[in-house]
Structures are given as structure tokens and as C-alpha cells.
Amino acid sequence: LPGLEEGVIVDAQASAAGGQPARLSEDFRAEAFVPEKVDFVRFGWPRHMLEAPQAGPEGLRPLSMPLMTGSMSPRGRQMLGEALAGTGLMPVESGGAGQVHDGEMGALKLEPGSAMAVPLVIGDESLVGVGTVTEVLGDRILGFGHPMFGNGLVEFPLSTAYVHTIIASVQSSFKLAGHGRIIGRLDADESTAVGGQVGPGVAMVPMTVHVRWDELGQEQTYRYELLRDRAFTQLLVPYMAMESVMGTRNLPTEHTLEYTAQVDFGELGVFDVSNVSTARDLMDLLSDLARCTGIMANNPFGQARVEAVHVSIRIRPEQRSADLLEVMLDRNLYAPGDTVRAKLVLSQWRGPRFSRTVEVKLPADLPDGEYTLNLGGAKLARDILQAARPQAFDPRNMRQLLEAVQLICQPRQDSLYAVMDLGTSGVAVHNQLLPGVPASLAAALHAANPADVVRPREFLTVSQATDFVPLGQKQATVVVRRDLAER
């Protein structure tokens, strides 16, 4: 089981005022390191971007800003609209109008009354916010007449745009427009307008997504450049991974995904995950990507800079899952040092029952008593990781935070795990595991209840790779008696 082979002493340099190590709140850690693969897309978003704008007199509301999309799937557009609720952005399908043709670009310029665009994504798909230029003062641009997000100082790309037509609606009219070339940057997003400057653009995040469809024998590679922003990068990374798949066709009803993903954070390191999911749509991959980018962008230590993202997805037209039905041990009593053989009975999805045997060798110095042997999949492994290495999930700086995110995403979905709780062992102080501490001293330190002292639990763990995703969890009781070895 990753991270449980041996305690690792990590750097816990002070990162807060006064020389004391900074520490994440319990609520933050509980949300960030939840063992389940859940939706992290809006993790840590500013409060004003999570709440829908309040209606004014006579029920009037501010108009939404159109977000032009290219060849987006209907499902993707719906999910994007739900994710952007409260931001003032409204996804609008622009189709071929998403990008202005080369012949039209040269004629476009920014002047009062002309269209201006803020690209969030460019490349093989585009997401572009479009508004109106209010005034041009030298190389300075004033536009929109309303905020984009109202976030103050920003670094957004600025491009020319062309309005093809206006879609009139009693409820909400909007422009159908396309973007031209990037000619500068927005650097101010205020409550009354946005402001920018013609000149150098801003650095964006390169992202590649490789998709392989086994059923069709097809492969595609998509290339994008994403807005680098504290809130939106964490939305755009998983969203473009999803749209790279769903923009072509729906997943097979029965499917298994094999995926790898790397998110490069420069000097901090690279988040690297490789896993399998079955009958879960794209949820597991999207959860890993959004957890990583969301936590690293929104935490008390700082804001990590995403340098590049690479994703590879293989789609197989079959469901490779098996329900864990029961577990049987080879005998009732064991001596220290014996090998426990656990026979697992599983039911394959739309297939027959079958069995697997997992062997667990007991420590030679294991005390007498009853021990619980837990057997299950990756969810069990993630639960045990947090119990066995609580100090690893109490990071004190950005590098340790990235290591914790990597660790919680590491267990493989296509593995069986056997775990036995052996009780408390050692002591961790200030996020450092201290090996070889006598049990009496460890107990005394923990009893004093200082904030930075924890007693990790020791677990005997065995993993076995499989060609399926095990579902469910079972337990068995292992009774250990030393006198059996003396006979």
C-alpha cells in the first residue's frame, strides 16, 4: 500500500509568522482529503462566485455575459452552465462562429462600440467571453460597463472579436460572436468595468489530452491553452478532459477507463496519477484532476502555479467490476509468524462467481489477541492511509500539501487490499514520524495532548493486482495465540 512501507520524515519548516508551522484547519483537511472520489470542481471558490446575483427592483437581474463555445457537446454545455452558476457567465453555442476566419482578423480592431473578447480556452476547443469596448485611451482599453467577475487585479488574455448576429429574447438576449487574435491583456476587473492594455499577452496553461477508443480502434490528441486563474483553472482542467471524450461521442453503456494524468506545478513538483475506473463515467478522473488543481490553488499556504497538464484516457467497451460477497479463512487459530490465507468469493458483473486468495503473513512478535482483517478495494486503502499516516495529511507547507494530495489519489482501483490493524505505534511530532520511540514515552506524549503530537496506528497491509475493480468490503477475525507456536 503506497505510503505505508515505512515512515518518511518530511521537511516541516515554519511557514507562518512568528516561526511557528502553519496548520490547516480540521474542516479543510476533512474536505480536501475525503477518501471518496467526489466533485472538487468548485473547491475553494470565492463566496461571491458561488451565489446567484440578487434580483433588484421589479425582479430585474444583471444580464449574463455570453461565453461562446465551439463544438461543445450538449451534456458538456449543461454541466458547464451548472458549474458556472453564480459567476455571471452563460455558455452559448457558437459553432463555427467561435473563431473569426483569418481574412476577417486583420480588419478587426478595438474601438468604442466594437466587440472585445476574453478567451478562457483556445485551441481545439474554445471558451470565450465577449463584451463591448467602452473607450480606448492610447494603449489602454476600457470595456464591458460591468464586471466580469469583480476580482480586482487579474491577468486575462484580451482579443479582438466579431459579432455575427444578436439573438433576441424576452428573457435574455445575447450576442453570437467569435474571437480574433490575442492583442493584449486585461489587468483590472472592477464593479463598473474591466480595463486592459494592448501589447504582450499573458501566459496560459498548455494542456494535451490523448483519447483512445478500443471499440473503434481510434485515437485522438487534443491541444488547448487554458486561462491561468485561481478559480477557473481548477474548473477548466477537468472540464476540457471531459469534453475531449464527450465532445466526440458518449461513453459505452458498459465501460472501463484506464487513465493517467500529470499536472506540473513547476518547482513544487508534478502531481502524477495512474488508475482505472469502471461504470463511473469520467467521475474518478475528473475528481483526481479537480482535487489536485483546486486544493493547490485554494489553501492557506499559498497558490501553486500550474505550468502544464497532460492526460491520457483509454476507453474499453466493457464493465470490469466484481462484488465482494464473502471471505473465508483457512483456519480458526494462528500463531505469530503464520500466514493467513483468506479466500474471497466475488461475483463478476454479468458473469459467474469466482474466488481469489489473499495471503497475509503475521509478524513473528505479534501479541496474543483477536485482530480484524479488512478486505476491499481502493476506498479501504485510502481510509487506512489516513489512519496509518495522519501526519502525512497534516501538511505544513505547499510541498507537503502536494505530497498529501498525491498520496490520497495513489491507491489503485483494480487492486484487492487486505489490512489488519495492529494498534498504535510510535509517535509523530510536527508532521515528522519519530521511529523507535519507546511505547511508554509515546503514550506519555500523547496523553499530554499537545497540538502537534499524534500516535499513528500500525497496519499490516497486502495488495494484490487484479483485472477487475472490486466493490464492497468484508471483515474476518484472526485469533492469534503464541502457545500454538510452542507446541
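**A friendly note on this predicted structure**

1. Let's start with one pair of residues: Val 345 has Ser 355 of strand 17 as its bridge partner. Strands here are DSSP runs of E with at least two residues, while helices are runs of H or I with at least four residues, and both are numbered from the N terminus. Strand 16 (residues 339-348) and strand 17 run antiparallel and are joined by 9 bridges; two strands pair if DSSP finds at least two bridges between them.

2. Before going on, a word on the model. It is predicted, so to speak of local features we need pLDDT of at least 70, and side-chain atom pairs count only at pLDDT 80 or more, whereas totals for chains, interfaces and linings use all residues. Residues are numbered from 1 along each chain as its sequence is written, and side-chain values use heavy atoms, with hydrogens and water left out.

3. Now back to the sheet. Strands 17, 16, 14 and 24 form an open sheet in the order 17-16-14-24, with mixed pairing. Strand 17 (353-361) and strand 24 (469-471) are the edge strands, each pairing on one side only.

4. Strand 13 (308-316) is another good place to look. Strand 9 (residues 205-213) pairs with strand 13 in the parallel sense over 7 bridges, and Met 207 has Val 309 as its bridge partner there. Strand 11 pairs with strand 13 in the antiparallel sense over 9 bridges, with Gln 262 opposite His 310.

5. Which residues touch the most other members of the largest nonpolar core? They are Leu 127, Met 207 and Phe 232, in a core of 88 residues. Helix 4 gives the most to this core, with 10 residues. A second, separate core has 24 residues, including Val 358 and Tyr 371. A nonpolar core is a set of buried Ala, Val, Leu, Ile, Met, Phe, Trp, Tyr and Cys residues joined through side-chain atoms within 4.5 Å. Buried means under 20% relative accessible area, exposed over 50%, and partly exposed in between (1.4 Å probe, protein chains only).

6. Why is helix 7 (residues 398-408) described as largely enclosed by the rest of the structure? Because 9 of its 11 residues are buried. Among them are Met 398, Leu 401 and Ile 408. The buried residues of helix 7 pack against strand 12 (270-278), helix 5 (283-297) and helix 6 (378-388). At the N-terminal end, Asn 397 caps helix 7, with a side-chain oxygen 3.3 Å from the backbone nitrogen of Arg 399.

7. Is Asn 298 buried or exposed? Asn 298 is buried, with a relative accessible area of 6%, in the loop between helix 5 and strand 13. Its side chain makes polar contacts with the side chains of Arg 230 (2.7 Å) and Gln 234 (2.9 Å). A polar contact is a pair of N or O atoms within 3.5 Å; within protein, one must be able to donate a hydrogen and the other to accept it, and residues adjacent in sequence count only if both atoms are side-chain atoms.

8. Finally, visit Glu 254, in the loop between helix 4 (232-246) and strand 11 (256-264). Glu 254 counts as partly exposed, at 25% relative accessibility. The side chains of Glu 254 and Arg 350 are joined by a polar contact of 2.3 Å. The C-alpha atoms of Glu 254 and Glu 318 are 4.9 Å apart, although the two residues are 64 residues apart along the chain.

Terms used. Contact means heavy atoms within 4.5 Å.
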